[in-house]
Amino acid sequence: MVIRILSFLIRGPHDYEIDDEDLFPVTLYGISDMGCVDSMQILIFVNQDAIIFAPNSFTPDNDGLNDTWFPTHSSSIDEDFFEVQIFDQMGRDDI
């Protein structure tokens, strides 16, 4: 399994190989303009049993077919920590 972490502090996403571990440590190192070095580490919980099915399209044209969109997920996913964003084909989220 590969997990992708996107950092807004450093360039680009970073891919990490995850085997059968549940907790995966990620460490961020930083150096200030004056040469001071510091680091921060967090443990990311990787739920190996999580399953999400999200349809890849819907047609909200009020014809009664595929007018709504919603993902289905396994019970191991906590809805309090789950977020979905929908964008149109131009990348806008104001649909």
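Strands here are DSSP runs of E with at least two residues, and they are numbered from the N terminus.

**Figure 1. The whole chain, a predicted model built from strands.** Before zooming in, keep in mind that this is a predicted model. The protein has six strands and zero helices, so reading from the N terminus the elements simply go β-β-β-β-β-β. Of its 95 residues, 9% are buried. The protein exposes about 8,500 Å², and carbon and sulfur atoms supply 54% of that area. Take the contacts between residues at least 6 apart in sequence: 21% of them link residues at least 24 apart.

**Figure 2. How sure the predictor is, from strand 1 to strand 4.** Across the protein the mean pLDDT is 76, and 75% of the residues get to 70 or more. Confidence is lowest in strand 1, residues 2-6, with a mean of 55. At the other end of the scale is strand 4, where confidence is highest, at 88. The next three views stay with strand 4 or its surroundings.

**Figure 3. The hairpin of strands 3 and 4.** Strand 3 covers residues 23-31, and strand 4 covers residues 37-45. The two pair in the antiparallel sense, over nine bridges. Together they form a hairpin, with five residues between them. Look for G35 in the turn: its phi is positive, at about 90°. Two facing pairs help you find your way along the ladder: F24 stands opposite I44 in strand 4, and G30 stands opposite D38, also in strand 4. How many of the nine residues of strand 4 are buried? The number is zero, so strand 4 lies largely in the open.

**Figure 4. Close-up on D38.** D38 sits in strand 4. Its relative accessibility is 57%, and exposed means over 50%, so D38 counts as exposed. Open to the outside or not, D38 does have company: setting aside residues up to four places away in sequence, D38 touches L28, Y29 and G30. One of these, G30, is also the residue standing opposite D38. As for L28, it is ten residues from D38 along the chain, and their C-alpha atoms are separated by 8.5 Å.

**Figure 5. A nonpolar patch on the surface.** L23, L43 and F45 make a nonpolar surface patch of about 330 Å². L43 is in strand 4. Is L43 buried or exposed? Its relative accessibility is 55%, so L43 counts as exposed.

**Figure 6. After strand 6: I86 and R92.** Strand 6 spans residues 72-73, and I86 lies in the segment that comes after it. R92 has its place in the segment after strand 6 too. I86 is partly exposed, because its relative accessible area is 34%, in between the limits of 20% and 50%. R92 counts as partly exposed because its relative accessibility is 44%. Which residues does R92 contact, leaving aside its neighbours within four places in sequence? They are I86 and F87. Finally, follow I86 back to W69: the two are 17 residues apart along the chain, and 9.6 Å separates their C-alpha atoms.

Conventions. Residues numbered from 1 in each chain as written. Predicted model: local features only at pLDDT ≥ 70, side-chain atom pairs only at ≥ 80, totals over all residues. Heavy atoms only, no water. Buried < 20%, exposed > 50% of the residue type's maximum accessible area, 1.4 Å probe, protein only. Helix = DSSP H or I, 4+ residues; strand = E, 2+ residues; numbered from the N terminus. Pairing = 2+ DSSP bridges. Patch = residues over 30% accessible without salt bridge, like charges linked within 9 Å, V, L, I, M, F, W, Y side chains within 5 Å. Areas by Shrake-Rupley, 256 points an atom, 1.4 Å probe, with all protein chains shown as cover. Salt bridge = Lys/Arg side-chain N within 4 Å of Asp/Glu carboxyl O. Contact = heavy atoms within 4.5 Å. pLDDT = per-residue confidence, 0-100.
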